[in-house]
Amino acid sequence: MAGLSPLETEIRRRISAAGPMPVGEYMGLCLGHPEFGYYITRDPLGRRGDFITAPEISQMFGELIGLWMATVWTQMGSPERIRVVELGPGRGTLMNDALRAVQMIPAFREALVVHLVEISPALENAQERTLEHLGVPMSWHPTLEDVPKGPAIIIANEFFDALPINHAVKTARGWHERQIEIGPEGKFAFTLAPDPIAHFDMLLPAGVRAAPEQSIFEWRDDKVAMNLGKRLADQGGAALVIDYGHADQGVGETLQAVGNHAYADPLTTPGEVDITAHVDFRALSLAVEAMGAEGFGPIDQSTFLGRLGIETRAAALKKKATSRSASADVDAALARLIGHGRTGMGELFKVACFANASVGVPPGFA
Ligand code: SAH
């Protein structure tokens, strides 16, 4: 067909050859196809990109996380070597702000080695440009499993929402995997696998099991969460996971596409728009904790940043502001990061921590 993107052509070929494609496989290809995936071909972040994230809104976010990391390191007994790992570091903005803030704790600065887990060559370049001036040892890896052994402090902001999500739809016969086919009009359309998924009910919380027919349940592969939990339990350290999502499990579809700061249809223009889905923090915690790590939270982003002292930091930045508009920018960023309701991230975004039992209660979770 003329006018189709190379990724759409490839997905169509795969569906023609192998039949309808599970939602998770489709999402994985849209974002991470090695040649045409959304994250592989571009830097989607920032005001001129497709979406904006907390560290891109204000330096306060990364700075507070830097101080959080330093406190965790102290709670770990100030080890001489500590791996600071970021999953999906975007443009490297969070890490840059975090490491600038910890300059006042030289022993931590000297102990740390940075590891960036990234699939996007475009963003890896951006991270290198942002971070090279820091002069700290730094390396890139395709997955967390590739990061060398040793105690680690791991940060993941808006990483888990980009991992593929699967859908199951309830019918009178059970839960069927939701798939993508080429519909009657020649466009991608949702369909259901003919047979229910065997024993799916057993994996579901009671409230979800009792949901009415046509309900959609979303789940992610637990592999990344389980590897994270195992690493923390075996090697020591803590992980901070920040993402939009829910603390309780329920039914409902959260798959969404965003392009150029506006909602889009996830089934059109694959590879051209970002696709995400809410993080199920309950499922995430169960998987991490099953491997022996301790879990804290999730708590609202507004609660977490409030406890870390974002108001004080904002007041200090406003004092230093050289113009009225710079001072107003700090207020606007603060409102965006901790505000409730639809325009703020304070309620929608949740923060969870997972840690080796030796770390104790991490800062912000007491
Ligand atoms: N944390 C950054 C960027 C969030 S966007 C911020 O807050 O601004 C998601 C990030 O995760 C991007 O860097 C993207 O390239 C990366 N990413 C997405 N899927 C990934 C995967 N499977 N493995 C590694 N990195 C991934």
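Around the ligand, the shell residues comprise 10 nonpolar, five polar and three charged ones. The structure is a predicted model, and this briefing covers the ligand site, the aromatic pairs and two points of backbone geometry. The space that the ligand takes up is the largest pocket.

**Ligand site**

- The ligand is surrounded by 18 residues, and the closest of these are T53, G88, G90, E118 and N157.
- Two glycines approach the ligand through their backbones: an N or O atom of the G88 backbone lies 2.7 Å from a nitrogen atom of the ligand, while a backbone N or O atom of G90 lies 3.0 Å from an oxygen atom of the ligand.
- N157 instead uses its side chain, in which an N or O atom is 2.7 Å from an oxygen atom of the ligand.
- Of the 580 Å² of accessible area that the ligand has on its own, the protein covers 93%.

**Aromatic pairs**

- Across the whole structure, a search finds 10 aromatic pairs, among them the pair formed by F304 and F365.
- A pair of aromatic rings is described by the distance of the centres and the angle of the planes.
- For F304 and F365, the ring centres are 5.6 Å apart and the planes stand at 45°, a value that is neither under 30 degrees nor over 60, so the pair counts as tilted.
- This pair links distant parts of the chain, with F304 in helix α12 (residues 301-308) and F365 in the segment after β16 (349-355), the two residues being 61 residues apart.

**Backbone geometry**

- Most residues other than glycine have a negative phi, and most peptide bonds are trans.
- G297 and P298, however, are joined by a cis peptide bond, with omega at about 5°, and P298 has its place in strand β15 (residues 294-300).
- H199, a residue other than glycine, has a positive phi near 60°, and H199 is found in the loop between β8 (188-192) and α9 (206-209).

Notes: Residues are numbered from 1 along each chain as its sequence is written. This is a predicted model: local features need pLDDT of at least 70, side-chain atom pairs count only at pLDDT 80 or more; totals for chains, interfaces and linings use all residues. Side-chain values use heavy atoms; hydrogens and water are left out. A residue is near a molecule or strand if one of its heavy atoms lies within 4 Å of it. A polar contact is a pair of N or O atoms within 3.5 Å; within protein, one must be able to donate a hydrogen and the other to accept it, and residues adjacent in sequence count only if both atoms are side-chain atoms. Accessible areas come from the Shrake-Rupley method with a 1.4 Å probe; for residues, only the protein chains shown count as cover. On a 1 Å grid over the protein atoms alone, a cavity is a set of points where a 1.4 Å probe fits but cannot get out, and a pocket is an open set with protein on both sides within 12 Å along at least five of seven lines; lining residues have an atom within 4 Å of a point. A molecule sits in a cavity or pocket if more than half of its atoms lie within 2 Å of its grid points. Ala, Val, Leu, Ile, Met, Phe, Trp, Tyr, Cys and Pro count as nonpolar, Asp, Glu, Lys and Arg as charged, and the others, Gly among them, as polar. Rings of Phe, Tyr and Trp (its six-membered ring) pair if their centres lie within 6.5 Å; planes under 30 degrees apart count as stacked, over 60 as edge-to-face and the rest as tilted. Helices (H or I, at least four residues) and strands (E, at least two) are DSSP runs, numbered from the N terminus.
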